[in-house]
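Please load the model in your viewer, show side chains as sticks, and follow the selections below in order.

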Amino acid sequence: MKSQLFDKLSTATHLLLNCENDFFEMKKAIDLMYEIYTSISDIRADDFTQEEIILPTGKAISPGAAAHCLLELQRTAVFLRGIFKAIQDAADKNKKRPITILYAGCGPYATLLTPLLTILPPEQLQVDLLDINEITLESAKKIIAELELGDSVGNFILTDAATYTIPAGTKYDILLSETMQACLDHEPQVAILKNLVPQLSDDAIVIPEAVEIDARLVDPRQEQKHLFYSQTPKPDPERIALGKVLILHKGRLSGGDHDGEVTVPDKIGTCVELKLFTTVRVFGDLQLIENNSSITMAKKYYDFSHHQYARKIRFRYDQTGGPLPKMDCRVIEDNDTAAIFNLEA
Ligand SMILES: C[S@@+](CC[C@H](N)C(=O)[O-])C[C@H]1O[C@@H](n2cnc3c(N)ncnc32)[C@H](O)[C@@H]1O
């Protein structure tokens, strides 16, 4: 017999996995999960008293901020659905043993795995939970204990995932980490994957499978108008695609279509803002795009409303330049130079 809390979480998990895009049901499921977790753990999403930890590779957000991630409805739903699908795919290839997962940066509720442990028994799924923050990891321990999920969790690992060495003989089918913000700024997702992915076997699944960043010129007025509710469908706002500037795939970074360089066309009309759009491909066709979550919010980098001063811009992911990793951008050819160059040519 499982506890009432276990049953409640299991009900919420089924609801979240199956409610598709019904936001009312999604919210009901997440609210229920939050109620369960906060009945066990002292860490609340509105708790700003604990500190974040600044690491050489980025910041580990505070326990309260990490708890808050649960409340991003679509993020949590799409990740849980993607992870569930990945486990099923891995299980199809390994029918005789449980699927193993390393969850790097699990947060205070181990949000992206705890729900699945209520619907997949320990014989099917075994997980290790890792976090750099002691308060956070202690909370995750408490959640697992109170929900009677101890048989599904092998180790609680207090360490920096960006430097952690997986013990010899330990094999994970899936590596899971959501330690990122839009444009991969500030948090150490890249460093964590760069460290852990090479320690996995070639057929291991990495979640998210890929993060892609695209540059586009947008018309701010059309974008704003598009966000307002209307009963009749609106045409998509006009945009000018400049190309992919970064791809993070299985821990490898590449500079997109043209090594992170984009060319601003001569005629941009009213599309005067250059923004970067982050897409998180969680697993298979499950993905988060602009406006689905904070980690896929579009970010403005240039404003050409007064003067179209740039012709070529280079975006590079800067892991070492400052205290926190971020997308670095610079104009590598300004428009006036290009005009002179064109005249001379
Ligand atoms: C954005 S929160 C996500 C929490 C939870 N995984 C979720 O998706 O709801 C990131 C978590 O990763 C942890 N973290 C960040 N960098 C880390 C690192 N280098 N090593 C281990 N944990 C890290 C933080 O302490 C925090 O709990």
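Begin by selecting Asp-131, where a polar side-chain atom lies 2.7 Å from an oxygen atom of the ligand, a polar contact being a pair of N or O atoms within 3.5 Å, where within protein one must be able to donate a hydrogen and the other to accept it, and residues adjacent in sequence count only if both atoms are side-chain atoms. This is a predicted model, in which local features need pLDDT of at least 70 and side-chain atom pairs count only at pLDDT 80 or more, while totals for chains, interfaces and linings use all residues. Residues are numbered from 1 along each chain as its sequence is written, and side-chain values use heavy atoms, with hydrogens and water left out.

Next, add Tyr-103, which places a polar side-chain atom 2.6 Å from a ligand nitrogen atom, and then Ile-132, whose backbone N or O atom is 3.2 Å from a nitrogen atom of the ligand. Of the 590 Å² that the ligand exposes when taken alone, the protein buries 100% (Shrake-Rupley accessible area, 1.4 Å probe).

Now widen the selection to the 24 residues around the ligand, of which Arg-75, Tyr-103, Asp-131, Asp-160 and Ala-161 come nearest (a residue is near if one of its heavy atoms lies within 4 Å).

Finally, turn to the cysteines: the structure holds zero disulfides, a disulfide being a pair of cysteine sulfur atoms within 2.5 Å. Select Cys-106 and Cys-69 together, and the reason for the missing bond at Cys-106 appears, because its closest cysteine sulfur, in Cys-69, is 12 Å away, too far for a bond.
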